[in-house]
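Me: I would be grateful for a close look at a single part of this structure. Please explain in one connected answer how that part is placed and what surrounds it.

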Amino acid sequence: MKPLTLTEVVAAEFAPETTYLNTSSCGLSPRRTVAAVKAAAEQNATGRDTFDFGPVAAARASFARIVGVPEERVAVGTAVSVHVGLIAASLPAGAEVLCPEGDFSSVINPFAVRGDLKMRYVPLEELAESVRPGTALVACSAVQSADGRTADLPAVRAAAAAHGARTLVDATQAAGWFPFDAGLFDYTVTGSYKYLLAPRGTSFLTVTEEAQESLTPIHAGWLAGEDVWGSTYGPVGQLARSARRFDEPPPFVAYAGAEHSLALLEEIGIEHVREHDLALAARYREGLVSLGHTPIPGDSVVVSVPGLAHRVDALAAADIAVSARAGNLRASFHLYNTVADVDRTLDVLAG
């Protein structure tokens, strides 16, 4: 199949009614996703296909291809914090968890609330060099939610391997534009309602075969059985041999949409999305500098300006959607954005 161009995708699949530069909060739904969600809800209302596992399987397989792992290593769920909680529950008391300062709470808090783990926080740029003997797990986001900075993942992975630590990477702000190989890390977690354009309530966990042995499938209900329909009553006799045993019960309507969002990104190609998004972000950064502002540097589609969060209201009044995070004015660019969106935002900031 010939890949769709970005222009074709935007024309056929998206209909933003604002200048929407807020994908880091929530991605826009493609038309095909909206249609699939409506159809699934209508089927449920009529009593037809109330247990349609097909979209869940298709979304799992599509996500696996996007992040470069076999689908047998992918579990589905509803939220990053639930996946992280599963991992947190597997650690022995006293284990050291190393995190960047100010990382997203869903990555950190499931470990912190246990109360019997040793939490250590360091600046993002010092994460790799801070891994030490006795560190059990390094947990970080590939792309920081607050400001768009990217972690030095190869260095983190090398340092963790040298000290026998496991790695957990949150790809929520990365998957869909960032060249991310989930197979390089023991665990990855991804909320798919941002750059993957899926409905809220869909998320993915990847686990290496070795790391699977240390996880207790505490969410395991009947859907986690190897034989699903043979696992509906009593203790499940045989859990799934794949990472499916770590599944949460999936919200079927949301996954009906996720199947189509992920398929769309595969059709376009993540490399094309990345090129488009980064070009817009670079244009925006250059414009900010010309206006006398100092955006946080980096090669990211998330562009944040410290101390400029107070301009969110003025931008909203001009029908431009951005966000304020940790004192930063945060704009984020994705495939449905255009040069006109960038220039219009800069014009308002110049006023």
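Reply: In this predicted model, the cover over the buried residues of helix α1 includes α2 (31-46), α8 (252-268) and α9 (270-290). Helix α1 itself spans residues 6-13, and its buried residues are Leu6, Val9 and Glu13. These buried residues lie on the same side of α1, because they cover an arc of only 65° around the axis. The other side of α1 carries Thr7 and Ala11, which are exposed. Helix α1 thus has a side with Leu6, Val9 and Glu13 buried, and another side where Thr7 and Ala11 are exposed.

Beyond this helix, the cysteines may be considered. A search of the whole structure finds 0 disulfides. Cys99 is in no disulfide, and the nearest cysteine sulfur, which belongs to Cys140, is 8.5 Å away. A disulfide would require the two sulfur atoms to be within 2.5 Å. Cys99 is buried, with a relative accessible area of 0%. Cys140 is likewise in no disulfide, its nearest cysteine sulfur being that of Cys99 at 8.5 Å. Cys140 is also buried, and its relative accessible area is 1%.

Finally, a record may be set beside the model. An unreviewed UniProt entry lists residues 122-344 as "domain: Aminotransferase class V". Over residues 122-344, the chain is 29% helix and 17% strand. The C-alpha atoms at the ends of this stretch are 38 Å apart.

Technical notes
Residues are numbered from 1 along each chain as its sequence is written. This is a predicted model: local features need pLDDT of at least 70, side-chain atom pairs count only at pLDDT 80 or more; totals for chains, interfaces and linings use all residues. Side-chain values use heavy atoms; hydrogens and water are left out. Buried means under 20% relative accessible area, exposed over 50%, partly exposed in between (1.4 Å probe, protein chains only). Helices (H or I, at least four residues) and strands (E, at least two) are DSSP runs, numbered from the N terminus. The arc is that of the directions from the helix axis to the C-beta atoms. Contact means heavy atoms within 4.5 Å. UniProt positions are given in the numbering used here, feature names are shortened, and annotations may be inferred rather than shown by experiment.
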